[in-house]
Amino acid sequence: MSGTLVLVRHGQSEWNLKNLFTGWRDPALTELGHEEAKDAGQRLKAMGLHFDIAFTSVLSRAEATLDHILEEVGQTGLETIRDQALNERDYGDLSGLNKDDARVKWGEEQVHVWRRSYDVPPPGGESLRDTGARVWPYYMHDMQPHVLRGENVLVVAHGNSLRSLVMALDGLTGEEIVAQEIATGVPIVYKLNADSTVASKKVLEG
């Protein structure tokens, strides 16, 4: 028996639009972000997917995106688990700063290392490896059992928390995953085998 795992990054947030490091800060969705979330729901509805459970972070941009998706697929009462294990990567001292201003303060090369290396955290924050260290165990213990029972599981989270899952599911290296972008509001649909290996992957781009 195999199940389906759907990953969706939240729609565009106000700080995405302003080019700010967001992390665990909690800005709302933009008008475009709300539309991206609704579009994601419409694409999933077109696939005919019916979800058994949903997981999201404790940050409002992910929760609002999930609400839109569930409304579009007609499952507004779906059981939903919220946990900070799925929160975005913590950017520490960079949180709230404009990315261009950060480059002026610390230098282009240093900011690039903090943003795009796998295991170098910004001051007071997390690396992608640190993020994976909380996301992957949570997936293994809380989400994967549902998928292995043949259920359809919806996960709405953040660029870097979802990168951690994609890295493990796709068997990517640290170098490979930091080069991959997770687009806002674009569902990634995995079909998993009974042994938890990936049977198929589909990105529902517009």
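These notebook entries record what I looked up in a predicted model.

**Entry 1. Largest pocket**

I began with the largest pocket, whose volume is about 430 Å³. Its lining comprises 26 residues, and I noted Arg9, Glu88, Tyr91, Lys99 and Arg115 as the closest to the pocket centre. I then asked which elements give two or more residues to this lining. They are helix H5 (108-116) and helix H7 (159-170). H7 gives the most, with three residues. By residue class, I recorded 11 polar, nine charged and six nonpolar residues in the lining of the largest pocket.

Lys99, one of the residues closest to the pocket centre, also came up in a search for charges over rings. Its charged end sits over the ring of Phe21, at 5.6 Å from the ring centre.

**Entry 2. Aromatic pairs**

I next searched the whole structure for aromatic pairs and obtained four. I describe two of them here, with the usual two quantities in mind: a pair of aromatic rings is described by the distance of the centres and the angle of the planes.

One of the pairs is Phe55 with Tyr138, an edge-to-face arrangement with 6.2 Å from centre to centre and 85 degrees between the planes. Phe55 belongs to strand S2 (residues 53-56) and Tyr138 to helix H6 (residues 128-148), so this pair ties together parts that lie 83 residues apart in sequence. Are these two residues buried or exposed? I entered Phe55 as buried, because its relative accessibility is 2% and the cut-off for buried is under 20%. Tyr138, at 8% relative accessibility, counts as buried too.

Another pair is Trp106 with Trp114. The ring centres are 5.3 Å apart and the planes stand at 80 degrees, so I recorded this pair as edge-to-face. I then looked up the accessibility of each partner. Trp106 has a relative accessibility of 28% and therefore counts as partly exposed, whereas Trp114, at 7%, counts as buried.

**Entry 3. Largest nonpolar core**

I turned to the nonpolar core with a general expectation: in soluble globular proteins, nonpolar side chains tend to be buried together. In this model the largest nonpolar core has 27 residues. Which residues have the most contacts inside this core? I noted Leu5, Leu7 and Val155.

I then traced the elements that contribute to this core. Strand S1 (3-9), S2, H6, strand S4 (152-157), H7, helix H8 (174-178) and strand S5 (188-192) each supply at least two of its residues. H6 gives the most to the core, with six residues. I add that H7, a contributor to this core, is also the element that gives the most to the lining of the largest pocket.

**Entry 4. Positive phi outside glycine**

I looked for unusual backbone angles, since most residues other than glycine have a negative phi.

Asn19, which is not a glycine, has a positive phi of about 65 degrees. I located Asn19 in the loop between helix H1 (14-17) and helix H2 (31-47). Its relative accessible area is 28%, so I entered Asn19 as partly exposed.

Ser196 likewise has a positive phi without being a glycine, with a value near 80 degrees. Ser196 lies in the loop between S5 and strand S6 (198-203). With a relative accessible area of 27%, Ser196 is partly exposed.

**Entry 5. Separation in sequence and in space**

Finally, I compared sequence separation with C-alpha distance for three pairs of residues.

I took Met140 and Ser196 to begin with. They are 56 residues apart in sequence, and their C-alpha atoms are 10.0 Å apart. Met140 is in helix H6 and counts as partly exposed because its relative accessibility is 34%.

Asp119 and Gly174 are 55 residues apart in sequence, with a C-alpha to C-alpha distance of 8.2 Å. I found Asp119 in the loop between H5 and H6. Asp119 has a relative accessible area of 38% and is partly exposed.

How far apart in space are Ser95 and Met47, which are 48 residues apart in sequence? I recorded 37 Å, C-alpha to C-alpha. Ser95 is in the loop between strand S3 (80-82) and helix H4 (99-106). At 11% relative accessibility, I entered Ser95 as buried.

Key. Residues numbered from 1 in each chain as written. Predicted model: local features only at pLDDT ≥ 70, side-chain atom pairs only at ≥ 80, totals over all residues. Heavy atoms only, no water. 1 Å grid on protein atoms, 1.4 Å probe; cavity = no way out; pocket = protein on both sides within 12 Å on 5 of 7 lines; lining within 4 Å. Points joined across faces, edges and corners; volume = space filled by probe spheres on them. Helix = DSSP H or I, 4+ residues; strand = E, 2+ residues; numbered from the N terminus. Nonpolar A, V, L, I, M, F, W, Y, C, P; charged D, E, K, R; others polar. Phe/Tyr/Trp six-rings, centres within 6.5 Å; stacked < 30°, edge-to-face > 60°. Buried < 20%, exposed > 50% of the residue type's maximum accessible area, 1.4 Å probe, protein only. Lys NZ or Arg CZ within 6 Å of the ring centre and 35° of its normal. Core = buried A, V, L, I, M, F, W, Y, C linked by side-chain atoms within 4.5 Å.
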